[in-house]
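Visitor: I am new to this structure and would like a close look at a single part of it. Please take the aromatic residues and what surrounds them, and keep the account connected.

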Amino acid sequence: MKKGLLLSGIVFCWLFFIPQLVFATSWAFPFVVWNDSIYVITDEVVPQVEQKIGKVTRYSDMEQFGGNFSNYYPKGTTYYAIEGIATTEAIAVEHEKGKYIMAVYESPYEFQGSVMDKAKIAFIAIVIAIMSFIIYCILPKFRNR
């Protein structure tokens, strides 16, 4: 009985008094993701664009997401092909209404999943472990009284 209470106290202290991990991402440069590729935002103005090719579907300056994601532009910002330049080299991003900035291809975008998704899985695993401990170690001792 005392052993179970001691172990429960340790688990309680571990869950509530040990500092929680803070997850954040630090970006080296402003970018947009389009077609599974990272494009770095430049200061170069694009005078002439062609057709619309996409838009930002998710914005975050804290964590990584899949899809047409940006750490700089808000959701809904549009991407355009640049006249005379292949989209594998650069695209245009509508910086302001009717004004476009060049974004240069940097590398393939390899999304590894959200840090928060991993934290949720870890939290669920801890809860299952605690519940298992309570069911198999503590409750049978109370029933045998």
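Guide: What follows starts with the chain as a whole, moves to the aromatic rings, and then follows the strands and loops around them.

The model is a predicted one. Its chain has 2 helices and 8 strands. Read from the N terminus, the order of these elements is α-β-β-β-β-β-β-β-β-α. The chain counts 145 residues, and buried ones make up 28% of them. Its exposed surface comes to about 10000 Å², with 62% of that supplied by carbon and sulfur atoms. Of the contacts between residues at least 6 apart in sequence, 59% join residues at least 24 apart.

Now to the rings. Over the whole structure, a search finds 8 aromatic pairs. One of them joins phenylalanine 65 and phenylalanine 69 in an edge-to-face arrangement, with 5.8 Å from centre to centre and 70 degrees between the planes. Both phenylalanine 65 and phenylalanine 69 are buried. Another edge-to-face pair is made by tyrosine 72 and tyrosine 73, with centres 4.9 Å apart and planes at 85 degrees. The two tyrosines of that pair can be told apart by their cover. Tyrosine 72 has a relative accessible area of 44%, so it is classed as partly exposed. Tyrosine 73 has a relative accessibility of 4%, and therefore counts as buried.

Phenylalanine 65 also belongs to a wider group. Ring pairs link it with Phe29, Phe31, Phe69 and Tyr109 into a cluster. A charge is placed at this ring as well: the charged end of arginine 58 sits over phenylalanine 65, at 3.7 Å from the ring centre.

The cluster member to follow from here is tyrosine 109. Tyrosine 109 is part of the loop that lies between strand E8 (99-108) and helix H2 (115-143). Although it is in a loop, tyrosine 109 is buried, because its relative accessible area is 10% and the cut-off for buried is under 20%. Its contacts, leaving aside neighbours within four places in sequence, are Val33, Asp36, Ser37, Ile38, Gln64, Phe65, Gly66 and Phe69. Two of these names, Phe65 and Phe69, are also in the ring cluster. With glutamine 64 there is a polar contact between side chains, at 3.5 Å. Glycine 66 is 43 residues away from tyrosine 109 in sequence, yet their C-alpha atoms are 8.8 Å apart in space.

Another residue in that contact list is Asp36. Aspartate 36 is found in the loop between E1 and E2, and asparagine 35 lies in the loop between strand E1 (31-34) and strand E2 (37-46) as well. Each of these residues has a positive phi without being glycine: the value is near 55 degrees for asparagine 35 and near 60 degrees for aspartate 36. Most residues other than glycine have a negative phi. Asparagine 35 is classed as exposed because its relative accessible area is 54%. Aspartate 36 is exposed too, since its relative accessible area is 59%.

From this loop the path leads into the strands. E2 is joined to E8 by 7 bridges, and the two run antiparallel. Within this pairing, isoleucine 41 stands opposite alanine 103 in E8. E8 also pairs with E7, again in the antiparallel sense, over 6 bridges. There the bridge partner of glutamate 94 is tyrosine 100 in E8. The hairpin of E7 and E8 has 2 residues between its strands, and glycine 98 in this hairpin takes a positive phi near 80 degrees.

Strand E7 (residues 90-96) leads on to E6, to which it is joined by 2 bridges, with the strands antiparallel. Tyrosine 80 stands opposite alanine 92 in E7. E6 covers residues 78-82, and 5 of its 5 residues are buried. E6 also pairs with strand E3 (residues 49-55), antiparallel, over 4 bridges. In that pairing, lysine 55 stands opposite threonine 78 in E6.

To put the part together: tyrosine 109 is a member of the ring cluster and sits in the loop after strand E8 and before helix H2. Strand E8 pairs with E2 and with E7. E7 in turn is joined to E6, and E6 pairs with E3.

Technical notes:
Residues are numbered from 1 along each chain as its sequence is written. Side-chain values use heavy atoms; hydrogens and water are left out. Rings of Phe, Tyr and Trp (its six-membered ring) pair if their centres lie within 6.5 Å; planes under 30 degrees apart count as stacked, over 60 as edge-to-face and the rest as tilted. Buried means under 20% relative accessible area, exposed over 50%, partly exposed in between (1.4 Å probe, protein chains only). A charge sits over a ring if NZ of Lys or CZ of Arg is within 6 Å of the ring centre and within 35 degrees of the ring normal. Two strands pair if DSSP finds at least two bridges between them. Contact means heavy atoms within 4.5 Å. A polar contact is a pair of N or O atoms within 3.5 Å; within protein, one must be able to donate a hydrogen and the other to accept it, and residues adjacent in sequence count only if both atoms are side-chain atoms. Accessible areas come from the Shrake-Rupley method with a 1.4 Å probe; for residues, only the protein chains shown count as cover.
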